[in-house]
Amino acid sequence: MFCLRLRLWLRPGTQLYTVPLHSAHKLASLQKASQLPQRKLQELLHPFSKLEPYLDRSVDRTQFQLFFPSLEDMVKAEKLFHASPFHRIDYLTSAVRVDHAPKLTQPEVCFIGRSNVGKSSLIKALFSLTPEVEVRVSKTPGHTKKMNFFKLGKAFTLVDMPGYGYKAPKDFVEMVEPYLATRKNLVRIFLLVDGCVGLQEADHIALEMCEEMKHPYVVVVTKIDKCGQAVLLTNLMNIQEVVKTQTTGCFPQPFLVSSLYFSGIHLLRCFLVHITGNTHLSEKFQI
(Lines give C-alpha, C1' and ligand atoms only; values in the text may rest on other atoms or scores of the structure.)
Protein backbone atom coordinates (compact mmCIF):
# COMPACT_ATOMS: atom_id res chain seq x y z
CA MET A 1 0.00 0.00 0.00
CA PHE A 2 2.86 2.39 0.88
CA CYS A 3 4.52 1.98 -2.53
CA LEU A 4 1.18 2.04 -4.35
CA ARG A 5 0.23 5.41 -2.85
CA LEU A 6 3.60 6.87 -3.82
CA ARG A 7 3.27 5.58 -7.38
CA LEU A 8 -0.19 7.12 -7.64
CA TRP A 9 1.28 10.49 -6.69
CA LEU A 10 3.97 9.99 -9.34
CA ARG A 11 1.69 8.56 -12.02
CA PRO A 12 2.48 9.41 -15.66
CA GLY A 13 1.62 12.97 -16.51
CA THR A 14 2.82 14.57 -13.30
CA GLN A 15 4.57 17.88 -13.90
CA LEU A 16 7.04 17.59 -11.03
CA TYR A 17 9.72 15.82 -13.04
CA THR A 18 10.54 18.12 -15.91
CA VAL A 19 14.32 17.65 -15.93
CA PRO A 20 16.27 14.55 -16.97
CA LEU A 21 17.29 12.36 -14.05
CA HIS A 22 19.75 10.16 -15.93
CA SER A 23 22.72 11.85 -14.29
CA ALA A 24 21.30 11.68 -10.76
CA HIS A 25 21.61 8.77 -8.34
CA LYS A 26 18.85 6.19 -8.85
CA LEU A 27 17.43 6.89 -5.38
CA ALA A 28 17.77 10.67 -5.51
CA SER A 29 14.18 11.14 -6.69
CA LEU A 30 10.94 9.77 -5.31
CA GLN A 31 10.05 8.78 -8.84
CA LYS A 32 12.91 6.29 -8.90
CA ALA A 33 12.58 5.33 -5.23
CA SER A 34 8.95 4.31 -5.76
CA GLN A 35 10.21 1.24 -7.62
CA LEU A 36 11.68 -0.21 -4.42
CA PRO A 37 9.91 -2.95 -2.43
CA GLN A 38 7.69 -1.54 0.31
CA ARG A 39 10.02 -2.32 3.23
CA LYS A 40 13.07 -0.87 1.46
CA LEU A 41 11.16 2.26 0.52
CA GLN A 42 9.98 2.74 4.09
CA GLU A 43 13.57 2.43 5.36
CA LEU A 44 14.79 4.85 2.71
CA LEU A 45 12.27 7.54 3.57
CA HIS A 46 12.25 6.93 7.35
CA PRO A 47 15.57 5.33 8.41
CA PHE A 48 14.48 5.13 12.03
CA SER A 49 12.02 2.38 11.04
CA LYS A 50 14.97 0.03 10.52
CA LEU A 51 16.20 0.60 14.08
CA GLU A 52 12.83 0.66 15.81
CA PRO A 53 12.44 -3.16 16.15
CA TYR A 54 15.65 -3.26 18.23
CA LEU A 55 14.35 -0.79 20.82
CA ASP A 56 13.00 -2.00 24.12
CA ARG A 57 9.22 -1.75 24.33
CA SER A 58 9.55 0.72 27.18
CA VAL A 59 11.34 3.29 24.99
CA ASP A 60 9.12 6.17 23.89
CA ARG A 61 9.23 6.35 20.09
CA THR A 62 7.20 9.56 19.84
CA GLN A 63 10.21 11.87 19.71
CA PHE A 64 11.60 10.02 16.68
CA GLN A 65 8.42 10.53 14.65
CA LEU A 66 7.36 14.11 15.36
CA PHE A 67 7.95 15.12 11.76
CA PHE A 68 6.25 12.45 9.69
CA PRO A 69 5.02 14.07 6.45
CA SER A 70 2.74 12.34 4.02
CA LEU A 71 3.94 11.04 0.67
CA GLU A 72 2.11 13.93 -0.97
CA ASP A 73 4.06 16.38 1.20
CA MET A 74 7.37 14.77 0.20
CA VAL A 75 6.51 14.90 -3.48
CA LYS A 76 5.58 18.57 -3.25
CA ALA A 77 8.73 19.41 -1.29
CA GLU A 78 10.96 17.66 -3.82
CA LYS A 79 9.79 20.10 -6.48
CA LEU A 80 11.93 22.85 -4.93
CA PHE A 81 15.05 20.75 -5.47
CA HIS A 82 14.50 20.60 -9.23
CA ALA A 83 16.03 23.53 -11.08
CA SER A 84 14.19 25.28 -13.91
CA PRO A 85 14.61 28.50 -15.92
CA PHE A 86 12.41 30.18 -13.30
CA HIS A 87 13.92 28.46 -10.26
CA ARG A 88 17.71 28.48 -10.32
CA ILE A 89 19.62 26.31 -7.88
CA ASP A 90 23.29 27.17 -7.74
CA TYR A 91 26.36 28.01 -5.71
CA LEU A 92 26.15 31.73 -4.97
CA THR A 93 29.35 32.84 -3.24
CA SER A 94 31.77 32.23 -0.36
CA ALA A 95 32.71 34.42 2.57
CA VAL A 96 35.29 34.36 5.35
CA ARG A 97 33.53 36.95 7.52
CA VAL A 98 29.89 37.72 8.14
CA ASP A 99 30.35 41.24 6.76
CA HIS A 100 31.51 39.62 3.50
CA ALA A 101 28.38 37.48 3.29
CA PRO A 102 25.75 38.36 0.69
CA LYS A 103 22.87 40.47 1.94
CA LEU A 104 19.83 38.31 1.34
CA THR A 105 16.24 38.46 2.51
CA GLN A 106 14.98 34.93 1.88
CA PRO A 107 15.11 32.39 4.72
CA GLU A 108 18.50 30.85 5.37
CA VAL A 109 19.69 27.60 6.96
CA CYS A 110 23.24 26.62 7.83
CA PHE A 111 24.98 23.27 8.30
CA ILE A 112 27.70 22.95 10.92
CA GLY A 113 29.60 19.98 12.33
CA ARG A 114 33.00 18.47 13.03
CA SER A 115 35.49 18.24 10.21
CA ASN A 116 34.87 15.07 8.19
CA VAL A 117 31.33 14.65 9.54
CA GLY A 118 30.03 14.66 5.97
CA LYS A 119 28.55 18.15 5.56
CA SER A 120 29.54 18.64 1.93
CA SER A 121 28.50 15.08 1.04
CA LEU A 122 25.09 15.66 2.60
CA ILE A 123 24.60 18.94 0.75
CA LYS A 124 25.65 17.25 -2.49
CA ALA A 125 23.01 14.56 -1.85
CA LEU A 126 20.33 17.18 -1.16
CA PHE A 127 21.17 18.88 -4.46
CA SER A 128 21.54 15.63 -6.41
CA LEU A 129 18.49 16.40 -8.56
CA THR A 130 20.45 19.34 -9.94
CA PRO A 131 23.82 17.65 -10.62
CA GLU A 132 25.29 20.76 -12.21
CA VAL A 133 25.45 22.44 -8.79
CA GLU A 134 29.10 22.27 -7.75
CA VAL A 135 29.51 21.03 -4.19
CA ARG A 136 33.12 20.13 -3.53
CA VAL A 137 33.58 16.97 -1.49
CA SER A 138 37.03 16.03 -0.20
CA LYS A 139 38.38 13.01 1.65
CA THR A 140 40.63 15.39 3.56
CA PRO A 141 39.14 16.69 6.85
CA GLY A 142 38.83 20.46 7.09
CA HIS A 143 38.44 21.00 3.34
CA THR A 144 35.77 23.68 3.83
CA LYS A 145 37.55 26.87 4.90
CA LYS A 146 34.85 29.41 4.09
CA MET A 147 31.12 29.88 4.44
CA ASN A 148 29.68 28.63 1.15
CA PHE A 149 26.27 29.93 0.10
CA PHE A 150 23.88 27.96 -2.14
CA LYS A 151 20.68 29.54 -3.38
CA LEU A 152 17.46 27.65 -4.14
CA GLY A 153 15.73 30.25 -6.25
CA LYS A 154 13.70 32.61 -4.10
CA ALA A 155 12.81 29.82 -1.66
CA PHE A 156 15.80 29.79 0.68
CA THR A 157 19.60 29.81 0.98
CA LEU A 158 21.71 26.97 2.38
CA VAL A 159 25.11 27.70 3.94
CA ASP A 160 27.88 25.13 4.29
CA MET A 161 29.96 26.24 7.28
CA PRO A 162 33.61 25.29 7.97
CA GLY A 163 34.04 22.24 10.17
CA TYR A 164 35.12 22.55 13.78
CA GLY A 165 37.54 20.35 15.69
CA TYR A 166 40.34 18.60 13.79
CA LYS A 167 41.91 20.83 11.11
CA ALA A 168 39.33 23.56 11.61
CA PRO A 169 40.27 26.99 10.23
CA LYS A 170 42.28 28.96 12.78
CA ASP A 171 39.72 31.75 12.66
CA PHE A 172 36.72 29.41 12.94
CA VAL A 173 35.26 31.18 15.97
CA GLU A 174 35.72 34.64 14.44
CA MET A 175 34.03 33.40 11.27
CA VAL A 176 31.11 31.37 12.57
CA GLU A 177 29.96 32.91 15.86
CA PRO A 178 29.34 36.42 14.44
CA TYR A 179 27.36 34.85 11.60
CA LEU A 180 25.17 32.87 14.00
CA ALA A 181 24.76 35.86 16.30
CA THR A 182 23.83 38.47 13.70
CA ARG A 183 22.34 36.75 10.63
CA LYS A 184 18.74 37.95 10.85
CA ASN A 185 17.31 35.73 8.12
CA LEU A 186 18.78 32.53 9.64
CA VAL A 187 15.81 30.30 10.49
CA ARG A 188 17.49 27.03 11.51
CA ILE A 189 20.92 25.60 12.34
CA PHE A 190 21.59 21.99 11.33
CA LEU A 191 24.15 20.41 13.65
CA LEU A 192 25.66 17.30 12.07
CA VAL A 193 26.88 14.46 14.28
CA ASP A 194 28.70 11.34 13.03
CA GLY A 195 26.47 8.36 13.79
CA CYS A 196 29.47 6.04 14.09
CA VAL A 197 31.17 7.95 16.91
CA GLY A 198 28.30 9.86 18.50
CA LEU A 199 28.63 13.12 20.38
CA GLN A 200 32.24 14.19 20.91
CA GLU A 201 33.55 16.95 23.17
CA ALA A 202 33.57 19.41 20.27
CA ASP A 203 29.93 18.54 19.53
CA HIS A 204 28.93 19.31 23.11
CA ILE A 205 30.62 22.71 22.76
CA ALA A 206 28.70 23.26 19.52
CA LEU A 207 25.44 22.37 21.30
CA GLU A 208 26.24 24.94 23.98
CA MET A 209 26.98 27.53 21.29
CA CYS A 210 23.63 26.86 19.59
CA GLU A 211 21.86 27.23 22.93
CA GLU A 212 23.60 30.54 23.58
CA MET A 213 22.71 31.89 20.14
CA LYS A 214 18.99 31.23 20.78
CA HIS A 215 18.47 30.07 17.20
CA PRO A 216 16.30 26.99 16.65
CA TYR A 217 18.43 24.05 15.61
CA VAL A 218 18.20 20.36 14.80
CA VAL A 219 20.61 17.41 15.04
CA VAL A 220 21.34 15.41 11.88
CA VAL A 221 22.98 12.03 12.41
CA THR A 222 25.22 11.26 9.42
CA LYS A 223 26.99 8.19 8.02
CA ILE A 224 24.34 5.77 9.28
CA ASP A 225 25.42 3.29 6.59
CA LYS A 226 29.00 3.07 7.89
CA CYS A 227 28.41 1.51 11.31
CA GLY A 228 26.57 -1.45 12.81
CA GLN A 229 23.04 -1.04 14.06
CA ALA A 230 24.05 -1.62 17.70
CA VAL A 231 26.63 1.18 17.59
CA LEU A 232 24.28 3.52 15.75
CA LEU A 233 21.39 2.84 18.12
CA THR A 234 23.59 3.36 21.19
CA ASN A 235 24.86 6.69 19.86
CA LEU A 236 21.38 7.74 18.78
CA MET A 237 19.86 7.07 22.20
CA ASN A 238 22.70 9.03 23.83
CA ILE A 239 22.07 11.97 21.47
CA GLN A 240 18.37 11.81 22.24
CA GLU A 241 19.02 11.85 25.99
CA VAL A 242 21.31 14.89 25.67
CA VAL A 243 18.77 16.72 23.52
CA LYS A 244 16.01 15.93 26.01
CA THR A 245 17.88 16.89 29.18
CA GLN A 246 20.41 19.54 28.15
CA THR A 247 18.80 21.62 25.39
CA THR A 248 15.87 23.97 24.99
CA GLY A 249 16.28 25.18 21.39
CA CYS A 250 16.84 21.83 19.67
CA PHE A 251 14.04 20.17 17.71
CA PRO A 252 13.40 16.94 19.65
CA GLN A 253 13.63 14.65 16.62
CA PRO A 254 17.09 13.78 15.25
CA PHE A 255 17.28 13.14 11.51
CA LEU A 256 19.18 10.06 10.34
CA VAL A 257 20.86 10.26 6.92
CA SER A 258 23.15 8.38 4.58
CA SER A 259 24.53 10.56 1.80
CA LEU A 260 25.73 7.43 0.01
CA TYR A 261 22.45 5.51 -0.10
CA PHE A 262 20.09 8.51 0.25
CA SER A 263 18.46 7.20 3.41
CA GLY A 264 16.64 10.07 5.10
CA ILE A 265 17.46 12.56 2.32
CA HIS A 266 13.86 12.87 1.15
CA LEU A 267 12.63 13.45 4.70
CA LEU A 268 15.32 16.09 5.31
CA ARG A 269 14.45 17.87 2.05
CA CYS A 270 10.84 18.00 3.18
CA PHE A 271 11.85 19.40 6.58
CA LEU A 272 13.98 22.08 4.91
CA VAL A 273 11.11 23.16 2.70
CA HIS A 274 8.71 23.44 5.60
CA ILE A 275 10.90 25.30 8.09
CA THR A 276 11.72 27.92 5.45
CA GLY A 277 8.03 28.73 5.13
CA ASN A 278 7.46 27.26 1.70
CA THR A 279 4.47 25.14 2.81
CA HIS A 280 1.88 25.09 5.57
CA LEU A 281 3.42 22.20 7.49
CA SER A 282 5.54 24.26 9.87
CA GLU A 283 2.38 24.97 11.86
CA LYS A 284 1.05 21.44 11.40
CA PHE A 285 4.15 19.85 12.92
CA GLN A 286 5.07 22.71 15.29
CA ILE A 287 8.58 23.00 13.84
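**Figure 1. Strand 3 and strand 4 side by side.** Strand 3 (residues 147–152) pairs with strand 4 in the antiparallel sense, and five bridges hold the count between them. This is a predicted model, so please read each view with that in mind. Look along the pair for two partners: F150 has L158 of strand 4 as its bridge partner, and K151 has T157. Three residues lie between the strands in this hairpin, and there G153 takes a positive phi near 55 degrees.

**Figure 2. Strand 4, covered on both faces.** How many of the five residues of strand 4 (residues 156–160) are buried? The count is five of five, and the strand is described as mostly covered. F156, L158 and D160 point one way, T157 and V159 point the other way, and all are buried. Strand 4 also runs parallel to strand 2, joined to it by four bridges. Here F111 stands opposite D160 of strand 4.

**Figure 3. The whole sheet, strand by strand.** Step back a little and the hairpin takes its place in an open sheet of seven strands, with mixed pairing and the order 1-3-4-2-5-6-7. Which strands form the edges? They are strand 1 (89–95) and strand 7 (255–256), each of which pairs on one side only. As a reminder for this view, strands of a sheet pair through backbone hydrogen bonds, either parallel or antiparallel. Over the protein, the secondary structure comes to eleven helices and seven strands.

**Figure 4. The largest nonpolar core, with L122 in focus.** This core has 48 residues, and those with the most contacts inside it are F81, F111, L122, L126, F127, F190 and F255. Helix 10 (residues 265–275) gives the most to this core, with eight residues. Apart from it lies another core of 41 residues, among them A95, F172, V221 and C250. In soluble globular proteins, nonpolar side chains tend to be buried together. Now zoom in on L122: beyond its neighbours within four places in sequence, L122 is in contact with F111, L192, V220, V257, S259, I265 and L268. For the protein as a whole, buried residues make up 54% of the 287 residues.

**Figure 5. Helix 8 and what it packs against.** Helix 8 (residues 201–213) has 13 residues and reaches 19 Å from its first C-alpha to its last, close to the 18 Å expected at 1.5 Å a residue. Its buried residues are D203, A206, L207, M209, C210, E211 and M213. What do these buried residues pack against? Their partners are strand 2 (108–113), helix 7 (172–182), strand 5 (186–194), strand 6 (217–222) and helix 9. Just past the helix comes K214, whose phi is positive, near 65 degrees.

**Figure 6. N235 on helix 9.** N235 lies in helix 9 (residues 229–246). Is N235 buried or exposed? N235 is buried, because its relative accessible area is 15%, under the 20% cut-off. Setting aside its neighbours within four places in sequence, N235 is in contact with G195, C196, V197 and G198. The C-alpha atoms of N235 and D194 are separated by 9.1 Å, although the two residues are 41 residues apart along the chain. Such meetings across the sequence can be put beside a figure for the whole protein: among contacts between residues at least 6 apart in sequence, 76% join residues at least 24 apart.

**Figure 7. Helix 5, a mostly covered helix.** Helix 5 (residues 71–78) is mostly covered, with six of its eight residues buried. Which ones should you look for? The buried residues of helix 5 are L71, D73, M74, V75, A77 and E78.

**Figure 8. Inside the second largest pocket.** About 410 Å³ of space lies in this pocket. Its lining has 18 residues, and E43, K50, I224, Y261 and S263 are those that lie nearest the centre. Helix 3 (38–45), helix 4 (48–51) and helix 9 each supply at least two residues of the lining. Which helix gives the most to it? Helix 3 does, with three residues.

Definitions and conventions: Residues numbered from 1 in each chain as written. Predicted model: local features only at pLDDT ≥ 70, side-chain atom pairs only at ≥ 80, totals over all residues. Heavy atoms only, no water. Buried < 20%, exposed > 50% of the residue type's maximum accessible area, 1.4 Å probe, protein only. Contact = heavy atoms within 4.5 Å. Expected span 1.5 Å × (residues − 1). Core = buried A, V, L, I, M, F, W, Y, C linked by side-chain atoms within 4.5 Å. Pairing = 2+ DSSP bridges. 1 Å grid on protein atoms, 1.4 Å probe; cavity = no way out; pocket = protein on both sides within 12 Å on 5 of 7 lines; lining within 4 Å. Points joined across faces, edges and corners; volume = space filled by probe spheres on them.
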